[in-house]
Each structure stands twice: as structure tokens, then as C-alpha cells.
Amino acid sequence: MAWTEQNNELYGSFSFKDFSEAFAFMTRVALLAEQHGHHPNWSNVWNKVEIHLNSHDAGGIITEKDRKLAAAIDKLL
């Protein structure tokens, strides 16, 4: 997955076969985010999941926490 940097955040867009696969991915990401203590802004429409990562406690910029979570999310694919 190629994350892009835009508007002080890492952005990723993920497409799946159907809603069930997209939702299962979101569940895995949610558990991962809890482990990292860092939670994404995200949305889901049918088979597409969009994730936005930045660190609100650092002033809404991209930090190492965001990069580590993005890398961990990539390993779920």
C-alpha cells in the first residue's frame, strides 16, 4: 500500500471484494490501533475504506506514531 502525505496527514485508500471484507479489515485495524494507542480517522462506503492518520496531540501533524501505525496496517493486507 502506498500512503500519501497530504494536508498534514498520511492518507490510505483500500478496496476490497465486498462490504464484509472491508469491515473485517476495519476490525483488524481497530484492534491494531488499540495496541498502538493511536486511532485513525476513517470512513467506509461498501467495499472501500479510507484512513487518515495524524497526531492530534502533536498539533495535527504526521509523527512517527502515524508512520508506525501505517506500516503495521500494511502488514494486515
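Four exercises with worked solutions follow.

The model is predicted: local features need pLDDT of at least 70, side-chain atom pairs count only at pLDDT 80 or more, and totals for chains, interfaces and linings use all residues. Residues are numbered from 1 along each chain as its sequence is written, and side-chain values use heavy atoms, with hydrogens and water left out.

**Exercise 1. The sheet**

Work out the strand order, and state which strands stand at the edges.

Step 1. Fix the terms. Strands (E, at least two residues) and helices (H or I, at least four) are DSSP runs, numbered from the N terminus. Two strands pair if DSSP finds at least two bridges between them.

Step 2. Read the order. Four strands make an open sheet, S1-S2-S4-S3, with antiparallel pairing. Strand S1 (4–6) and S3 each have a single partner strand, so one side of each lacks a neighbour in the sheet. From one strand to the next, the twist averages 25 degrees.

Step 3. Count bridges. Strand S2 (residues 9–15) is joined to S4 by six bridges. Within that pair, Tyr11 has His52 as its bridge partner. S3 and S4 pair over five bridges.

Step 4. Add the helix. Helix H1 (residues 19–36) packs on the sheet and touches S2, S3 and S4. Contact here means heavy atoms within 4.5 Å. The direction of H1 makes about 165 degrees with that of S3. Such angles run from 0 to 180 degrees between N-to-C directions, with axes fitted to C-alpha atoms, for helices over the stretch in contact.

**Exercise 2. Strand S4 and its hairpin**

Sort the S4 residues by face, then describe the turn that joins S3 to S4.

Step 1. In a regular strand the side chains alternate between the two faces of the sheet.

Step 2. Apply this to S4. Val49, Ile51 and Leu53 form the covered face. Lys48, Glu50 and His52 form the uncovered one.

Step 3. Find the partners of Lys48. Ser15 stands opposite Lys48. Val45 also stands opposite Lys48.

Step 4. Take the turn. S3 and S4 form a hairpin with two residues between them. Trp46 in this turn has a positive phi of about 45 degrees.

**Exercise 3. Two loop residues**

Are Asn47 and Ser55 buried or exposed?

Step 1. Set the cut-offs: buried is under 20% relative accessible area, exposed is over 50%, and partly exposed is in between (1.4 Å probe, protein chains only).

Step 2. Take Asn47, in the loop between strand S3 (41–45) and strand S4 (48–53). Asn47 counts as buried because its relative accessibility is 18%. Beyond four places in sequence, Asn47 touches residues including Phe14, Phe19 and Ala22. A polar atom of its side chain lies 2.8 Å from the backbone oxygen of Phe16.

Step 3. Take Ser55, in the loop between S4 and helix H2 (64–76). Ser55 is buried because its relative accessibility is 1%. Among its contacts are His38, Ile61 and Asp66.

**Exercise 4. Salt bridges**

How many salt bridges are there, and which one links Glu5 to a helix?

Step 1. Apply the rule: a side-chain nitrogen of Lys or Arg within 4 Å of a carboxyl oxygen of Asp or Glu. The count is three.

Step 2. Find the pair of Glu5. Its partner is Arg67, with closest N and O atoms 3.0 Å apart. Glu5 is in strand S1 and Arg67 in helix H2, 62 residues apart. Glu5 is exposed at 53%, while Arg67 is partly exposed at 38%.

Step 3. List the others. Lys17 meets Glu21 at 3.9 Å, N to O. Glu50 pairs with Lys48 at 3.5 Å.

Notes:
Polar contact = N/O pair within 3.5 Å; in protein donor to acceptor, adjacent residues only side chain to side chain.
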